[in-house]
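Q: I am new to this structure and should like to learn how to read its features. Please take me through them one at a time.

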Amino acid sequence: MAEFDVVVIGAGPGGYVAAIRCAQLGMKVVCVDEWKNAQGKTSLGGTCLNVGCIPSKALLESSENYEKISHDFEAHGITVKGAQMDIAKMLARKDKIVSDFTSGIASLFKKNKVIAVQGRGTLLGRDGEVWRVAVAGGEELRAMHVIIATGSTPRVLPQAALDGERIVDNSGALAFTEVPKRLAIIGAGVIGLELGSVWRRLGSEVTILEAAPAFMPAADEQVAKEALRAFNKQGLKIHLGVQIDKVAQSKKEVSIAWKDAQGAAQELLADKLIVAVGRVPNTEGLGVKEAGLILDAAGRIEVDEHCRSTLPNVYAVGDVVRGPMLAHKASEEGVMVAELIAGQAGHCDLNLVPWVMYATPEIAWVGKTEQQLKKEGVAFKAGQFPFMANGRARALGETAGFVKILADASSDRILGVHIIGAMASELIQQAVLAMAFSASSEDLARTIHAHPSLSEVIHEAALAVDKRTIHI
Ligand code: FAD
Ligand code: NAI
């Protein structure tokens, strides 16, 4: 007999949400997680809560406040003299948010009767219908179902070995104890741009070296162009199409030898270097081979659209499988799998996963980009509206950017929504909801939007699809 209905391996947003949903549906659940914080203590919540979404957003908020008080308040007639920052306090605030949330997961587990076990879980194999999972330094767990949610880890760049001091990944970059005067970043992806923004706002001279010839290639081209212009204006130096040759360290600084897009040799000297060149699925120590799990070419656990692996009753969700490496996608897959195990009809539509980048301005999108639609030969109509013409945006002093809506040329069904501007992270949800209900741009155009609000920019962009904006 199995001890448990489900063993969940990993307690990030994929695993902990799956565990709670399984418990809500009446299953007996154990969740194994190996994460320990800097103090060596168990810390549930995975990358997202410990060194990802939550701490980065805490620092983004603090640094934005500092920048606003230093530069933006004067326009409101508010003069602040001698604004100062206390990095130790800023980091302590971030750490407190993290520890509140990670211990919050422990409380949620208790409330839902999910048993939490500390240690590395390894899939041993099947004993009849029962899966066996070893826990390093602990007892063997036995369950009918296994949900693997082991997440991802930073991709290593061989030329730039991390030392946790001068050359760091996201974890180190969230814990600098002073503002680096010269900050170099390899990779102009989401981490490079978000954390680059944090330290630039606090005073670093930031240079980002990006291998790809195009900036933010996954975003709508027009949005990417606007974003690059805004980041350059803020002082982020971004070099595209580079090749990193050699990274060397002295006691004083780090030197990065690189070639620019024309192949000319360059050298960048910095006080700190953040390496943010993507993340790789984490299957280390999981017993993939021994259990017979199949990995795809990128090292991700192969799953179908319902996150079923190639082994019976073994599921995998989140960063360790195909699809975007985003917390909300991981959680939604966790819910889907729990419901499928309970015999319900779970599903997760990967076409409706919103993307958000929390820089200034914020960037968010859902669905197809204009370049994707052109490539797929889909006929579409586009409507666009700038934040500059919106009353609330003017009152906020956040007038950069626009909303762009792409709708099918014949059916008018919304195919993609792209936002660059204030509160894009919040505004995008309206678009996700509309698309989840297969709304047309006319549906959005006929919906009453509160005035004055940023959401009116979406309303006007929907009106623009039919060339009938009111305010421009
Ligand atoms: P993870 O959160 O990585 O959790 C996996 C857990 O499994 C970890 O606790 C790990 O220790 C544990 N584990 C691994 N192997 C084993 C094993 N064998 N046994 C036991 N335990 C194991 N996404 C967003 O949506 N929004 C954001 O704003 C955002 N910001 C980010 C900022 C940064 C700096 C980073 C690095 C990431 C950010 N992400 C963001 C991405 C997000 O953190 C991930 O997509 C998300 O955490 C993936 O969830 P997961 O559950 O799949 O894996
Ligand atoms: P990323 O994939 O977003 O960006 C990595 C960048 O590094 C790419 O632009 C790539 O071209 C570049 N690169 C790769 N190799 C390089 C090299 N040798 N030299 C120079 N540049 C190189 O990955 P990132 O920023 O590490 O983030 C990982 C993941 O975490 C993201 O893909 C995202 O899924 C998630 N994340 C999400 C956030 C959000 O939702 N707001 C915030 C931060 C991370």
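A: Helices (H or I, at least four residues) and strands (E, at least two) are DSSP runs, numbered from the N terminus. With those labels, Pro 452 can be placed in the loop between α13 (441-445) and α14 (455-465). The model is a predicted one, in which local features need pLDDT of at least 70 and side-chain atom pairs count only at pLDDT 80 or more, while totals for chains, interfaces and linings use all residues. Residues are numbered from 1 along each chain as its sequence is written, chains are lettered from A and ligands numbered from 1 in the order in which they are written, and side-chain values use heavy atoms, with hydrogens and water left out.

Q: Which peptide bond leads into Pro 452, and is it cis or trans?
A: Most peptide bonds are trans. The bond from His 451 to Pro 452, however, is cis, with omega near -10°. Another cis bond runs from Thr 360 to Pro 361, where omega is near -5°. Pro 361 sits in the loop between β18 (355-357) and β19 (363-367).

Q: Is the phi of Cys 307 positive or negative?
A: Most residues other than glycine have a negative phi. Cys 307 has a positive phi, near 65°. This residue belongs to the loop between α8 (288-291) and β17 (314-316).

Q: How should the packing of helix α1 against helix α9 be read, and what is the angle?
A: Axes are lines fitted to C-alpha atoms, for helices over the stretch in contact, and angles run from 0 to 180 degrees between N-to-C directions. Helix α1 (residues 15-24) packs against helix α9 (residues 327-341) at about 30°, and their axes are 8 Å apart. The two are therefore roughly parallel (angles under 35 degrees count as roughly parallel, over 145 as roughly antiparallel, 65 to 115 as roughly perpendicular and the rest as oblique). Contact (heavy atoms within 4.5 Å) is made by Val 17, Ala 18, Arg 21 and Cys 22 of α1 with Ser 331, Gly 334, Val 335, Ala 338 and Glu 339 of α9. By class, these residues are five nonpolar, two polar and two charged (Ala, Val, Leu, Ile, Met, Phe, Trp, Tyr, Cys and Pro count as nonpolar, Asp, Glu, Lys and Arg as charged, and the others, Gly among them, as polar).

Q: In which crossing does α3 pass α6?
A: The crossing is left-handed (the near helix is turned anticlockwise from the far one by less than a right angle; clockwise would be right-handed). Helix α3 (residues 53-72) and helix α6 (residues 190-201) pack at about 35°, with axes 8 Å apart. Leu 59, Leu 60 and Tyr 66 are among the α3 residues in this contact, and Glu 194, Leu 195 and Val 198 are among those of α6. The contact comprises five nonpolar, three polar and six charged residues.

Q: In which crossing does α3 pass α4?
A: That crossing is right-handed. The axes of α3 and helix α4 (residues 87-112) come within 9 Å and cross at roughly 145°. Residues of α3 including Ile 54, Pro 55 and Leu 59 meet residues of α4 including Met 90, Ile 97 and Phe 101. Here the classes are nine nonpolar, one polar and two charged.

Q: Which residues come nearest to ligand 1?
A: A residue is near a molecule if one of its heavy atoms lies within 4 Å of it, and the same limit serves for a strand. There are 38 residues around ligand 1, and Asp 33, Thr 47, Lys 57, Gly 121 and Ala 327 come nearest. A polar side-chain atom of Asp 33 lies 2.7 Å from a ligand 1 oxygen. Polar backbone atoms also lie beside ligand oxygen: that of Ala 327 at 2.8 Å and that of Met 325 at 3.2 Å.

Q: How many residues are around ligand 2?
A: There are 21, of which Glu 194, Glu 210, Gly 278, Met 325 and Val 356 come nearest. A side-chain N or O atom of Glu 194 is 2.8 Å from a nitrogen atom of ligand 2. Backbone N or O atoms of Ile 191 and Gly 278 each lie 2.9 Å from an oxygen atom of the ligand.

Definitions and conventions
A polar contact is a pair of N or O atoms within 3.5 Å; within protein, one must be able to donate a hydrogen and the other to accept it, and residues adjacent in sequence count only if both atoms are side-chain atoms.
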